[in-house]
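Reader: Got a minute to walk through this one with me? I'd like to get a feel for how the chain is put together.

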Amino acid sequence: MKNQSPQCLQLFDNPKDVAQCVQILQNGGLVALPTETVYGLGADATNPQAVRRVFEAKKRPTGHPLIIHVANIEDARKFSSDFNNVAEILGSTFWPGPLTLLVKRSNRVIDEITGGRETVALRVPSHTLFQKVLAHFSDVGSGAIAAPSANLYGSVSPTTSQHVSGDLGDRIDAILDGGPCGVGIESTIVDCSVTPPVVLRQGAITLENLNDVLAAIGVVVSDQVTGESRAPGMQISHYSPSAEVKLFENTSDLKNYEKTCIANGIQVATILGSSNREIYARELYALLRSADSLHPQEILVLLPPATDIGVAIRDRLFKAAAPR
Ligand code: TXA
Ligand code: MG
C-alpha cells in the first residue's frame, strides 16, 4: 500500500496557511504549490541547501536546471543580465501565465538552479494562490521560488494535491492545496538567449501565439524542440506511467486494437480524452494516473488533432509512449 509513511502538512487558501507556507520556504523547506499548469515543488531559489533538497526529494539528477518563479516581470529582470527585447515582449504579453523564458542569468542566480549553465529559466505564474505566496515571500524573503513539477523524476506531472501526496507526501514539508490545475500541462518554454528564439517545450501558449506578437519586431520563433544539451530533462521517455502506452490517431483503429487485446486476454485501459482540447489537456495527467492505477498491461490513448494545445498534448503523449 502507498501512502503509509508519515504525510506532510496540508495547507489551504487562507492567510494563516499562506503565511505558514512562506515561513517554511524562508526556513529552507520544501512546499508543493499549485500553479495554473501543474503543481510545483517549491523552494527558496536563493538558498543553495533548499534547492539541493528539491533534487533529492524528486530523485532528479542535479544537472537538470530548475525554473525560478517570480511575482512579475520587474522581478524577472533582476535574475537576467540580458533580458532582451524578445523576452520583454513575450513576458509583457503572456505573464502572468503558462510561459517560461530562458535568458542569460544574472549573478543573483545560484549555480544549483542552472546546473552551471549561463542561462536561467524564469516564469511568472498566474495562479492566484501562488501569487499570494509570491507577494508575501517578496515582503519577508527573496520572493523567488524554484519549482520543478512536484512528481518523482520521470513520472507523470501532478495536477492535484492528491497526486503530489501520493508521489512526495513523505519527502517534503507541506502541500498547499489550490484545487486541480486549470491548464493541466507544463508551461511553454522559449529560449530567448539565441537568435532566432526557439521553443524548447510546447504548452498552452502555442507557436502561433508567440509568432503573432513577435511579428511586430520581425522575429519568427523556431520550433526545434530537440537538443539535449539545451533542454536537459526533456529526453524522449518522460511523463511515463508504469504500463506501456499505445497511441492512436483515430477511434476505429483504437477500438479494433482494443477488441483484439480483449480477445487475447490482454488487459487494457483506454483514454479517449475530451473532444474539447483544453479540457483534454486539463484532464490528461489525471487520466494517465487513474488508468495506470488499474495496473493494465497497456494504456490505449486517442491522440487529439495537432492544432493549438493539441500539439502540446501530443508531445506529452509521445514522450509517455516512448521506449524506456
Ligand atoms: O509549468 C511548468 O513549467 C511547471 C510549473 C511548476 O511551473 N514547472 C516545470 O518544471 O515543468 P520542470 O523542472 O519539471 O521542467 C522545466 C524544464 C526542464 O526540462 C529543465 O531542464 C528545463 O525546463 N530548464 C530549466 N532551466 C533551463 C536552462 N537554464 N536551460 C535549459 N533548460 C532549462
Ligand atoms: Mg517536470
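Author: Sure. One term up front, as we'll need it: buried means under 20% relative accessible area, and exposed means over 50%. Also keep in mind that this is a predicted model.

Reader: Fine. Which side chains of strand β13 are buried, and which are not?

Author: In β13, residues 268–271, A269 and I271 point to one face and are buried. V268 and T270 point to the other face and are not buried.

Reader: Why would they alternate like that?

Author: Because side chains in a regular strand alternate between the two faces of the sheet.

Reader: OK, and what does β13 pair with?

Author: With β14, residues 298–302, in the parallel sense and over four bridges. V268 stands opposite E298 in β14. Put helix α10, residues 277–293, together with β13 and β14 and you have a β-α-β unit, a right-handed one.

Reader: Now β10. Are its faces covered or open?

Author: Covered, both of them. In this strand, residues 188–191, T188 and V190 are on one side, I189 and D191 are on the other, and all are buried.

Reader: Which strands sit alongside β10?

Author: β6 runs parallel to β10, with four bridges joining them, and L101 stands opposite V190 there. β11 pairs with β10 in the antiparallel sense over three bridges, with I189 opposite R201.

Reader: How many residues are in the hairpin between β10 and β11?

Author: Six residues join β10 to β11 in that hairpin.

Reader: Switching to the inside. What's in the largest nonpolar core?

Author: The largest nonpolar core has 50 residues, and the ones touching the most other members are I68, L90, I113 and I172. Among the elements that each supply at least two residues are β3 (40–44), α2 (48–58), α4 (85–94), β6 (99–105) and α8 (207–214).

Reader: What does I68 touch?

Author: Leaving out residues up to four places away in sequence, I68 touches A45, F79, V109, I113, V120, A121, L122, R123, A144, I145 and A146. There's also a second, separate core of 23 residues, which includes Y285, I309, L317 and A320.

Reader: L317 is in α11, right? How much of that helix is buried?

Author: Yes, α11 covers residues 310–321. The helix is mostly covered, with nine of its 12 residues buried. Those are G310, A312, I313, R314, D315, R316, L317, K319 and A320.

Reader: What covers them?

Author: The cover includes β11 (198–201), β12 (244–248), α10 and β14.

Reader: And why does the span of α11 agree with what you'd expect?

Author: At 1.5 Å a residue, its 12 residues should span 16 Å, and the end C-alpha atoms are 16 Å apart, so the two agree.

Reader: Zooming out, how is the chain divided into domains?

Author: Domain 1 is 2–217 and domain 2 is 244–321. Their centres, taken over C-alpha atoms, are separated by 28 Å. As for contacts, 20 residues of domain 1 meet 13 residues of domain 2.

Reader: Last one: where is D253 found, and why does it count as partly exposed?

Author: D253 is found in helix α9, residues 251–263. D253 counts as partly exposed because its relative accessibility is 40%, and that falls between the 20% and 50% cut-offs. From S92, D253 is 161 residues away in sequence and 44 Å away in space, C-alpha to C-alpha.

Conventions:
Residues numbered from 1 in each chain as written. Chains lettered and ligands numbered in written order. Predicted model: local features only at pLDDT ≥ 70, side-chain atom pairs only at ≥ 80, totals over all residues. Heavy atoms only, no water. Core = buried A, V, L, I, M, F, W, Y, C linked by side-chain atoms within 4.5 Å. Buried < 20%, exposed > 50% of the residue type's maximum accessible area, 1.4 Å probe, protein only. Contact = heavy atoms within 4.5 Å. Pairing = 2+ DSSP bridges. Right-handed = clockwise from strand over helix to strand, strands pointing away. Expected span 1.5 Å × (residues − 1). Domains from an automatic or database assignment.
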